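I opened this entry to keep track of what I looked up, starting with one residue and working outward.

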Amino acid sequence: MMLDAQIVVSMRRVLRYIWVATLVLCACAPPKLAGTELGATDAPDFTLTDGVSGRAVTLSAQRGQVVALTFLYTTCPDVCPLTATRFKAAQGELGGDANRVTFVAVSVDPDNDTPKAVQDFSAAHGLASNWYYLVGGRAELSRVWAAYGIGVQAGSTSVTHNDAVYLIDARGRERALLHSEDLATDLANDLRALLKG
């Protein structure tokens, strides 16, 4: 009888250790993200001018923050305003954690995305804090587009481009790729997961 009790106590102890080990391993595992997972390679660095403030912004200077990086143009009739609206909604959903996420847009229309146009677009979508809308000349923007696989084709009245949103963790690593149709359901959740990671 005494031996049976010792076996039960030993089994409980082993099960408790297994349970604790499982919790520790789950806590250390990288978060599962809803978008296309990109591994954890360093995000290509760049420096461009923020059209809102006129200051130079370097992507690598955002380390310590989670970054949502997208590519927009101010006169876009559909996907770009939707993306900006989703960014603003995510800021609201994140609540107090919103100050730990930086939202960045890179222009795909250097001819028309003037500082005034960028300021008006940002104000119209309520984007002010932790928000950059980066502009520059075609040559410098083209290098950033190429680094992120963004195809840009300028038409007479519109610009065709990918609707990619890159999520970059606080260590500056590309973690996930979302598209405009994913933003309503997945953006805030993926950002929360990266903040925990």
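In which strand does Thr70 lie? I looked it up in what is a predicted model: Thr70 belongs to β4, which runs over residues 66-72.

Next I checked whether Thr70 is buried or exposed. Its relative accessible area is 1%, and Thr70 therefore counts as buried, the cut-off being under 20%.

I then looked for a polar partner. The Thr70 side chain comes to 2.9 Å from the backbone oxygen of Ala164. Ala164 also turns up in the contact list of Thr70, which, without neighbours within four places in sequence, holds Thr83, Phe87, Val104, Ala105, Val106, Ala164 and Val165.

I moved on to helix α5. It covers residues 183-196, 14 residues in total. I noted 19 Å from first C-alpha to last, close to the expected 20 Å. The buried residues of α5 are Leu183, Asp186, Leu187, Ala188, Asp190, Leu191, Ala193, Leu194 and Leu195. Which elements cover them? I found β4 among them, the strand of Thr70. The cover also includes α2 (79-94), β5 (101-107), β9 (165-168) and β10 (173-178).

Last, I took down the values for the whole protein chain. I noted five helices and ten strands. Of its 197 residues, 43% are buried. For contacts between residues at least 6 apart in sequence, 73% join residues at least 24 apart. The accessible surface is about 10400 Å², and carbon and sulfur atoms account for 57% of that.

Definitions and conventions. Residues are numbered from 1 along each chain as its sequence is written. This is a predicted model: local features need pLDDT of at least 70, side-chain atom pairs count only at pLDDT 80 or more; totals for chains, interfaces and linings use all residues. Side-chain values use heavy atoms; hydrogens and water are left out. Helices (H or I, at least four residues) and strands (E, at least two) are DSSP runs, numbered from the N terminus. Buried means under 20% relative accessible area, exposed over 50%, partly exposed in between (1.4 Å probe, protein chains only). Contact means heavy atoms within 4.5 Å. Accessible areas come from the Shrake-Rupley method with a 1.4 Å probe; for residues, only the protein chains shown count as cover. A polar contact is a pair of N or O atoms within 3.5 Å; within protein, one must be able to donate a hydrogen and the other to accept it, and residues adjacent in sequence count only if both atoms are side-chain atoms. The expected span of a helix is 1.5 Å times one less than its number of residues.
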